[in-house]
Amino acid sequence: MRFRAFAVAAALIVATPVAAQRVVVTADRMIDVVKGTVVEHPAIFITDGRITSIADARTVRWGSDVTHINLDGKTILPGLIDMHVHLDSNPRYGGYTGLQFTDSFWAIQGTANARAMLKAGFTTIRNVGSENYADVGYKQAIEEGLIVGPRIVPAAHSLGATGGHCDSTYLPPSFKSKGVAVGDGAQELRRIVREQRKYGAEVIKICATGGVFSRNTEPGQQQLSEEEMRAIADEAHQWGLKVAAHAHGAAGIKAAIRAGIDTIEHASLVDDEGIKLAVARKQPVWFSMDIYNTDYTQAEGANNGVMEDNLRKDREIAQIQRDNFRKAHAAGVKMVFGTDAGVMPHGTAAGQFRVMVEYGMTPMEAIRAATLNAAEALGRSKDVGAIAVGRYGDIVAVEGDPLKDVGVLTRVTDVIKGGARVAE
């Protein structure tokens with residue numbers, strides 16, 4: 001009898017409809033990244049986290065059951081997307097200084113970085129590599145309401161070659177330290193793709209070339225063969241995942257493009273042939289070029305314990321990367337916004353908009369790189385990247401006009417994620 005009564009009560013609970021959460025957001029103006037226009041006096045209606053309609057706030061009415069978020073005097077635009085983030089990295093601890101902390105420290109401090117990204121206006125991020133599946137954990141904790149942060153597309157562990165940028169290169173042989181997702185040969189790397197997906201990766205990150213902040217690698221060195229990269233791309237695509245390739249050097253960039261990699265991270269030393277390959281490829285390939293963070297690393301790196309050899313590499317490629325950003329954009333390469341946040345403080349990521357405009361983009365193009373383009377590159381255009389019916393109610397507000405002064409994006413005043421205002 002008790003079981004039957006419980007079952008009846010449970011059925012009644014399941015059958016009871018939950019009231020829809022209805023919100024309307026109004027502002028002075030809205031940047032429509034799809035049409036490339038500015039909409040005056042928008043009213044954005046959001047139900048249960050998704051946009052249901054967009055109207056003129058001067059003519060439309062809403063009932064008392066609708067929560068009104070009033071952003072008078074402000075400009076709204078879609079929640080921003082950073083395509084290259086490391087939440088469990090912290091620029092304050094460079095070189096060997098991070099060894100003073102226990103392993104779990106990095107995941108715990110990453111929760112503050114997640115909040116900083118959200119408060120800076122980034123409602124979606126792609127976390128391209130973390131230890132101990134920390135980015136999968138952040139995503140789960142955010143979705144459960146346990147911590148505050150953006151929507152996360154996690155990569156879990158980065159794939160690379162033995163001794164390469166994604167391997168553990170700072171410790172002597174006696175430590176037997178090796179990157180979790182390091183592999184050699186096409187078949188082994190296919191297996192690692194499956195393993196990362198099994199434990200929560202939603203994008204696959206690889207290290208095609210050497211890097212700046214690793215030891216015993218040079219940015220221009222190709223470290224995975226084209227055959228290995230093609231195997232990774234084929235395996236990932238079979239499972240419905242996209243692939244991001246850390247690739248500074250010209251040869252590695254070209255091999256990654258030919259192998260079918262979806263986004264090229266850094267692309268610092270790309271040559272004319274690589275740019276032509278990127279423009280000509282039928283399957284879209286996107287460049288994610290972090291042309292802002294050098295301002296921080298050169299100013300503060302030594303104070304943070306970064307070794308001179310790493311700072312030397314950073315100096316050598318910095319201006320070349322910025323000049324190649326201009327060249328690639330002018331040639332028509334598809335571009336997304338990616339900062340490598342974690343190399344510099346996460347909350348400062350929006351500073352890159354200014355540098356993107358300085359090196360050839362219009363303010364609208366830079367904003368689209370962090371909204372419309374990024375959503376397309378993620379394969380999530382139905383969810384994020386624009387203030388449009390059907391997408392999440394992810395909105396940021398600024399004072400002033402970012403189409404005249406893109407620098408105002410570093411001073412986001414309000415963040416709305418899924419129709420809910422993010423608290424101070």
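**Cores, a covered helix and a small parallel sheet**

Good morning. The largest nonpolar core in this structure has 83 residues, and those with the most contacts inside it are F122, I204, I206, I264, F287 and F353. Helix α6, residues 250-259, supplies the largest share of this core, namely five residues. Two domains take part: the core draws at least three residues from domain 1 (22-78 + 386-423) and at least three from domain 2 (80-378). I should state at the outset that this is a predicted model.

Let us take one residue of that core, F353. Which residues does F353 contact, leaving aside its neighbours within four places in sequence? They are L80, F122, F337, A366, I367, A370, V406 and L409. One of these, F122, is itself among the residues with the most contacts inside the core.

I turn next to helix α3, which spans residues 134-143. Is this helix mostly covered or mostly uncovered? It is mostly covered, with seven of its 10 residues buried. The buried residues of α3 are A134, D135, V136, Y138, K139, A141 and I142. Among them, then, are D135 and K139 as well as A134 and V136. As for what covers them, the buried residues of α3 pack against helix α2 (103-119) and against the strands β7 (122-127), β8 (151-154) and β15 (414-417). Just after α3, G145 takes a positive phi of about 80 degrees.

Two of the strands I have just named, β7 and β8, lead us to the sheet. Three strands form an open sheet, in the order β6-β7-β8, and their pairing is parallel. Why is one side of β6 and of β8 left without a neighbour in the sheet? The reason is that β6, residues 80-85, and β8 stand at the edges, and each has a single partner strand. From one strand to the next, the twist averages 15 degrees.

In more detail, β7 and β8 pair in the parallel sense over four bridges. For T124, the bridge partner in β8 is R151.

Two helices pack on this sheet. Helix α2 touches β6 and β7, and its direction makes about 130 degrees with that of β7. Helix α3, the mostly covered helix, touches β7 and β8, and its direction makes about 150 degrees with that of β8.

To close, I return to the core residue F122: the strand β7 runs over residues 122-127, and F122 is in contact with F353. Thank you for your attention.

How values were computed:
Residues are numbered from 1 along each chain as its sequence is written. This is a predicted model: local features need pLDDT of at least 70, side-chain atom pairs count only at pLDDT 80 or more; totals for chains, interfaces and linings use all residues. Side-chain values use heavy atoms; hydrogens and water are left out. A nonpolar core is a set of buried Ala, Val, Leu, Ile, Met, Phe, Trp, Tyr and Cys residues joined through side-chain atoms within 4.5 Å. Buried means under 20% relative accessible area, exposed over 50%, partly exposed in between (1.4 Å probe, protein chains only). Domain bounds come from an automatic or database domain assignment. Contact means heavy atoms within 4.5 Å. Two strands pair if DSSP finds at least two bridges between them. Axes are lines fitted to C-alpha atoms, for helices over the stretch in contact, and angles run from 0 to 180 degrees between N-to-C directions.
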